[in-house]
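Trainee: I would like to go through a model step by step. Where should we begin?

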Amino acid sequence: MPAPLRALRAGASAALSTTLGALLPCPACGARRAGRMGLCTRCRRRACRPQRRGEALWLGPYAGPLGRAVRALKYRGATRLAGWLGERLAREVADAGWRPSVVCAVPLHPSRRRRRGYDQAWLLASGTAAALGVPCRPLLERRRATPSQASLSRAARLRNVAGAFRSDPVPGARVLLVDDVLTTGATAAACREALLEAGASLVRVAVVARSERSPAASPAATPPHVPLRGRPAGRS
Ligand SMILES: [Zn+2]
C-alpha cells in the first residue's frame, strides 16, 4: 500500500478508535460515557487534588477516581487517558514554576513492556512533555527486572531497586521524571540517583497518583534522598 494511503488509514483508524472509545463507560465510575478525554467530566473534576512536596508533585490520591484511571491505563489498555493526565501534570509543573529541559519516564523492564504492549509511564511522560513543549527522551534503562514492589516494606523496596537503573549522559539537564504511581518513593529515588550520576543538575518528579496504602508513604518515612518533604503545596 502506498505510504500516503497507509497514513490515511492509520489516521482514520485512530480517529475511529477515539470516537468509539468516547462512547465506552468511564473507567473511573462506569456510570457515564468516558468522553474524548477518556474519563467523564465529573470524574475529571473530582479526581485531581494536586499536592507538591519539595521536588515532587502528584495530581491526587490513588484511592478514588484517579487510581481507577491509572489502573485502566495500566492494565486495561485505556491509553487515551495518558494525553489528558499528561496535560494535567504539565499544568501543575508550570504552576509550580518548574522549567525542565527534558522529560523522561520511570522505565518498565523490556520484558514487562513486551507483555503489556506499551509503557504507561512513557505515554504519560510524552503527554507531559508535549504539553510543556520540551523533549521527552528515554534516558533511563532498567538494568534488571525487579520483583513487584506492591507487597514489600519500605526497606525492602529500597533494596529491591537500588542500582536497578542506568541513565544516558545528561550533563546539566533539568530533568522531570514522570511515573504513574508514587508509594514510598524508592523507585523514584533510584532513578533520580542514576540521573544525577549521569550529570543532571536537577531532578524533579511528577506523578499521577500518590498511594497512601503503605505506612511508609508518610513524608516522615520517605527516604532522605527523595525530596518529598516540606509543606504540602496543593490547591483544592
Ligand atoms: Zn466517571
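The questions below deal with a helix, the strands beside it, the core and one loop residue of this predicted model.

Trainee: How many residues of α8 are buried?
Mentor: Helix α8 covers residues 186-197, which makes 12 residues. Among the buried ones are Ala186, Cys191 and Leu195. The helix is mostly covered, and the buried count is 9 of its 12 residues.

Trainee: What distance does α8 reach from its first C-alpha to its last?
Mentor: At 1.5 Å a residue, 16 Å is expected for this helix. The model comes close to that value, with a reach of 17 Å.

Trainee: Which elements do the buried residues of α8 pack against?
Mentor: Thr187, Ala190 and Arg192 are among the residues of α8 that count as buried. The buried residues of this helix pack against β4, α7, β5 (165-167), β6 (174-182) and β7 (202-210).

Trainee: Is the β-α-β crossover from β6 to β7 right-handed or left-handed?
Mentor: β6 and β7 pair in the parallel sense over 8 bridges, and Leucine 182 stands opposite arginine 210 in β7. The chain goes from β6 through α8 to β7, and the crossover is right-handed.

Trainee: Which residue in β7 stands opposite tryptophan 58?
Mentor: β7 also pairs with strand β2 (residues 56-61), in the parallel sense over 5 bridges. β7 is mostly covered, with 8 of its 9 residues buried. The residue in β7 opposite tryptophan 58 is valine 207.

Trainee: Where does the largest nonpolar core lie with respect to domain 1 and domain 2?
Mentor: This core has 64 residues, and Leu124, Leu177, Val178 and Val208 touch the most other members. Its largest share, 7 residues, comes from α8. Domain 1 (1-47) and domain 2 (48-221) both give residues to this core, so it lies between them.

Trainee: Which residues does valine 178 touch, not counting those up to four places away in sequence?
Mentor: Val178 is one of the core residues that touch the most other members. Leaving out residues up to four places away in sequence, the contacts of valine 178 are Leu89, Val103, Ala105, Ala121, Leu124, Ala125, Thr128 and Ala206.

Trainee: Does arginine 144 count as buried or exposed?
Mentor: Arginine 144 sits in the loop between β4 (140-142) and α7 (154-161). The C-alpha atoms of arginine 144 and valine 161 are separated by 9.1 Å, with their positions 17 residues apart along the chain. A residue with 12 or fewer C-beta neighbours within 10 Å is exposed. Because arginine 144 has 9 such neighbours, it counts as exposed.

Conventions
Residues are numbered from 1 along each chain as its sequence is written. This is a predicted model: local features need pLDDT of at least 70, side-chain atom pairs count only at pLDDT 80 or more; totals for chains, interfaces and linings use all residues. Helices (H or I, at least four residues) and strands (E, at least two) are DSSP runs, numbered from the N terminus. A residue is buried if 20 or more other C-beta atoms lie within 10 Å of its own, exposed if 12 or fewer, and partly exposed in between; C-beta atoms are placed from the backbone. The expected span of a helix is 1.5 Å times one less than its number of residues. Two residues are in contact if their C-beta atoms, placed from the backbone, lie within 7 Å. A nonpolar core is a set of buried Ala, Val, Leu, Ile, Met, Phe, Trp, Tyr and Cys residues joined through C-beta atoms within 7 Å. Domain bounds come from an automatic or database domain assignment. Two strands pair if DSSP finds at least two bridges between them. A crossover is right-handed if, with the strands pointing away from the viewer, the path from the first strand over the helix to the second runs clockwise.
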